[in-house]
Amino acid sequence: MFTDDYAFGWTDLNIIRHAELTNKLSSMVLTHLDVLNDVETIKLATRYILKDGGETQIFQNSLPAKIDDWEEMEPEFIEVPGWKQDLSNYDSFDRLPTEAQSFIRRLEQLSKKRLNYVCVNDEKE
């Protein structure tokens with residue numbers, strides 16, 4: 001996915017869960033929320049499917065131990081609606097569009113971590 005200034009990938013909840021396990025995260029920060037301003041549907045990777053011959057493995061809340069398996073995995077996504085609005089002038093959660101608030105709440109719910117800060121532009125205010 002490309003926008004004018006950024007290239008990004010979808011949020012990967014398994015990586016977030018792995019970071020929590022290895023680093024004991026108590027909360028998170030979400031930066032550059034405004035990069036998603038023009039995205040109609042936002043995807044969140046919730047698990048991986050690995051088909052190895054006739055066997056299927058599902059990785060949810062974990063990652064495969066073998067690095068070679070990473071190339072063969074397929075992410076499974078859920079989708080949430082985007083907001084299709086410029087967020088650069090928003091200065092509080094309550095003033096964000098409903099869809100942006102829902103995205104943030106869904107991310108907190110699925111990651112089981114509170115987002116203490118959400119940044120919507122490059123300004124350092």
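In the predicted model, K112 is exposed, with a relative accessible area of 65%. The residue is found in the loop between α2 and β6, the latter covering residues 114-118. Its phi is near 60 degrees, a positive value in a residue other than glycine. A positive phi also occurs at K24, where the angle is about 55 degrees although K24 is not a glycine. K24 has its place in the loop between α1 and β2, and at 62% relative accessibility it counts as exposed.

The secondary structure that frames these loops comes to two helices and six strands. Read along the sequence, these elements follow the pattern β-α-β-β-β-β-α-β. The C-alpha trace of the chain spans about 50 × 30 × 25 Å along its principal axes. Of the 125 residues in the chain, 34% are buried.

The largest nonpolar core contains 22 residues, among which L33, L36, W83 and F103 touch the most other members. Two or more residues are given to this core by each of the elements α1 (13-23), β2 (27-30), β3 (41-52) and α2 (98-111). The largest share, five residues, comes from α2.

Charged side chains were examined next. Side chains of opposite charge can pair when their charged atoms come close. In this chain the count comes to three salt bridges. One of them is formed by K113 and E20, whose closest N and O atoms are 3.7 Å apart. K113 lies in the loop between α2 and β6, whereas E20 belongs to helix α1, so the pair ties together parts that are 93 residues apart in sequence. The two partners fall into separate accessibility classes: K113 is buried, with a relative accessible area of 15%, and E20, at 21% relative accessibility, counts as partly exposed. The cut-off between these classes lies at 20% relative accessible area.

A salt bridge also joins E76 to R47, with the closest N and O atoms 2.7 Å apart. Because E76 lies in strand β5 and R47 in strand β3, this pair ties together parts that are 29 residues apart in sequence. Both residues are partly exposed, E76 with a relative accessible area of 30% and R47 with one of 23%. The side chains of D91 and R95 likewise meet in a salt bridge, at 2.8 Å from N to O. D91 is exposed, with a relative accessible area of 61%.

Besides these paired charges, the surface carries a negative patch formed by D52, E55, D68, E71, E72 and E74. Among its members, E74 lies in strand β5, which covers residues 74-81. Strand β5 also holds E76, the partner of R47 in a salt bridge. Residue D52 of the patch falls within the range of strand β3 (41-52), an element that gives two or more residues to the largest nonpolar core. Strand β3 is also where R47 lies.

Definitions and conventions: Residues numbered from 1 in each chain as written. Predicted model: local features only at pLDDT ≥ 70, side-chain atom pairs only at ≥ 80, totals over all residues. Heavy atoms only, no water. Patch = residues over 30% accessible without salt bridge, like charges linked within 9 Å, V, L, I, M, F, W, Y side chains within 5 Å. Areas by Shrake-Rupley, 256 points an atom, 1.4 Å probe, with all protein chains shown as cover. Salt bridge = Lys/Arg side-chain N within 4 Å of Asp/Glu carboxyl O. Lys, Arg positive; Asp, Glu negative; His and termini not counted. Charge placed at Lys NZ, Arg CZ, Asp CG, Glu CD. Helix = DSSP H or I, 4+ residues; strand = E, 2+ residues; numbered from the N terminus. Core = buried A, V, L, I, M, F, W, Y, C linked by side-chain atoms within 4.5 Å. Buried < 20%, exposed > 50% of the residue type's maximum accessible area, 1.4 Å probe, protein only.
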